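User: Please take one part of this model and look at it closely. Keep to what the model itself shows, and end with the wider setting.

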Amino acid sequence: MAGKSRIEWTENTWNPVTGCTQVSAGCDRCYAMRLVNIRQMRNPRSPRFGHPFNEVMLHEERLDQPSRWRAPARIFVNSMSDIFHQDVPDAFISRIFDEMERNPRHVFQVLTKRAERMKRYANRRYKNSPCPPHIWLGVSVENMDYAWRATMLKDTAASVRWISAEPLIGSLLGLSLDGIDWIVAGGESGPGARPMEARWVRELRDRCKIDGVSFFFKQWGGEAKKNGGDKAIIDGRRWSQYPSKRTGRAA
């Protein structure tokens with residue numbers, strides 16, 4: 001639930017909130033939902049014992065974990081939930097942001113599908129200056145039906161903005177990357193994974209190269225065997241870019 005992560009684009013995960021509810025097509029085969037409903041809610045030693053994934057839980061005892069991690073790290077915030085879920089009170093969100101602000105040695109990767117609430121919260125909290133550059137604010141955009149989340153993100157008081165196109169279940173050729181610093185893309189994995197077309201990935205990669213946006217390709221997912229068995233190579237190369245500075249774009 002916290003600590004070292006096997007997610008390729010981060011180093012640690014921090015989950016002061018767990019549990020979520022589905023809001024869009026990208027949620028259909030959520031790995032966190034499977035993990036909780038199949039394993040954790042049946043494990044008497046888990047804090048989620050008896051609590052299905054659609055029950056949002058707040059974990060106050062985890063709020064200070066980043067302060068106790070002395071080595072600088074990239075930290076994915078709420079890999080098992082969504083910080084801006086409607087069942088997370090503003091006061092608790094503020095305590096999460098307080099902890100992030102106290103620890104500028106880390107990079108905090110915040111990701112949401114609830115872009116409207118993030119915009120409202122961040123613009124209220126950071127009305128005089130943008131969110132600190134070690135706190136990256138991002139949204140999920142799985143296909144063009146949810147491109148509006150990127151539009152909301154561009155109007156959010158962030159220093160570093162990023163998009164997770166994972167699972168990528170449709171072309172994002174029409175998505176504007178203006179004001180975006182980083183894109184993470186990947187196919188769906190797990191039981192019943194929906195296929196991802198190679199051209200969707202190449203479109204994003206090429207757009208990022210043209211627009212100077214950092215590009216990180218995580219995996220082909222259900223298409224891995226079709227692309228030579230390597231889960232993260234595009235046309236003979238791995239793409240594992242991050243913004244070169246906390247404050248913006250990268251090569």
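What follows is a close look at strand β8 and its surroundings.

Analyst: This is a predicted model: local features need pLDDT of at least 70, side-chain atom pairs count only at pLDDT 80 or more, and totals for chains, interfaces and linings use all residues. Numbering runs from 1 along each chain as its sequence is written, and side-chain values use heavy atoms, leaving out hydrogens and water.

Start with the strand. β8 spans residues 161-165. Helices (H or I, at least four residues) and strands (E, at least two) are DSSP runs, numbered from the N terminus. Five of the five residues of β8 are buried, so the strand is largely enclosed by the rest of the structure. Here buried means under 20% relative accessible area, exposed over 50%, and partly exposed in between, with a 1.4 Å probe and protein chains only. Arg161, Ile163 and Ala165 point one way from β8, while Trp162 and Ser164 point the other way. In a regular strand the side chains alternate between the two faces of the sheet. In β8, both groups are buried.

Next, the strand partners. Two strands pair if DSSP finds at least two bridges between them. β7 and β8 run parallel and are joined by four bridges. Leu137 has Arg161 of β8 as its bridge partner. Four bridges also link β8 to β9 (residues 182-186), again in the parallel sense. There, Ile163 stands opposite Ile183.

Now the helix in this unit. β7, α5 and β8 form a right-handed β-α-β unit. Right-handed means that, with the strands pointing away from the viewer, the path from the first strand over the helix to the second runs clockwise. Helix α5 covers residues 147-154, and its buried residues are Ala147, Arg149, Ala150 and Leu153. They cover an arc of only 150° around the axis, which puts them on the same side of α5. The arc is that of the directions from the helix axis to the C-beta atoms. An α-helix has 3.6 residues a turn, so residues three or four places apart point the same way. The cover over the buried residues of α5 includes α4 (115-125), β7 (135-140) and β8. Contact here means heavy atoms within 4.5 Å.

Move one helix out. α4 buries Ala115, Arg117, Met118, Tyr121 and Ala122. Down the axis of α4 these residues fall within an arc of 155°, so they line one face of the helix. Among the elements covering them are α3, β6 (107-112), β7 and α5. α4 and α5 thus appear in each other's cover.

A polar site involves Arg114 and Thr112. Its centre is Asp82, in the loop between β5 (74-77) and α3 (90-101). Asp82 is buried, at 4% relative accessible area. Its side chain makes a polar contact of 2.7 Å with the side chain of Thr112. A polar contact is a pair of N or O atoms within 3.5 Å; within protein, one must be able to donate a hydrogen and the other to accept it, and residues adjacent in sequence count only if both atoms are side-chain atoms. The Asp82 side chain also makes a polar contact with the side chain of Arg114, at 3.0 Å. Leaving aside residues up to four places away in sequence, Asp82 touches Gly19, Cys20, Val88, Leu111, Thr112, Lys113 and Arg114.

Go back to β9. Ile183, the residue opposite Ile163, is 8.9 Å from Gln241, C-alpha to C-alpha, with their positions 58 residues apart in sequence. Gln241 sits in the segment after β12 (237-238). Gln241 counts as buried at 15% relative accessibility. Its side chain reaches the backbone nitrogen of Phe215 at 3.0 Å.

The loop between β9 and α6 (198-211) holds Glu197. Glu197 is partly exposed, at 36% relative accessibility. Its side chain makes a polar contact of 2.8 Å with that of Arg199. The C-alpha atoms of Glu197 and Gly170 are 7.9 Å apart, though 27 residues separate them along the chain.

Last, the wider setting. The protein has six helices and twelve strands. Of its 251 residues, 55% are buried. Among contacts between residues at least 6 apart in sequence, 73% join residues at least 24 apart. The radius of gyration, 17 Å, agrees with the value near 18 Å for a compact globule of 251 residues. That radius is taken over C-alpha atoms, and the globule rule is 2.2 Å times the number of residues to the power 0.38. The C-alpha trace spans about 45 × 45 × 35 Å along its principal axes.
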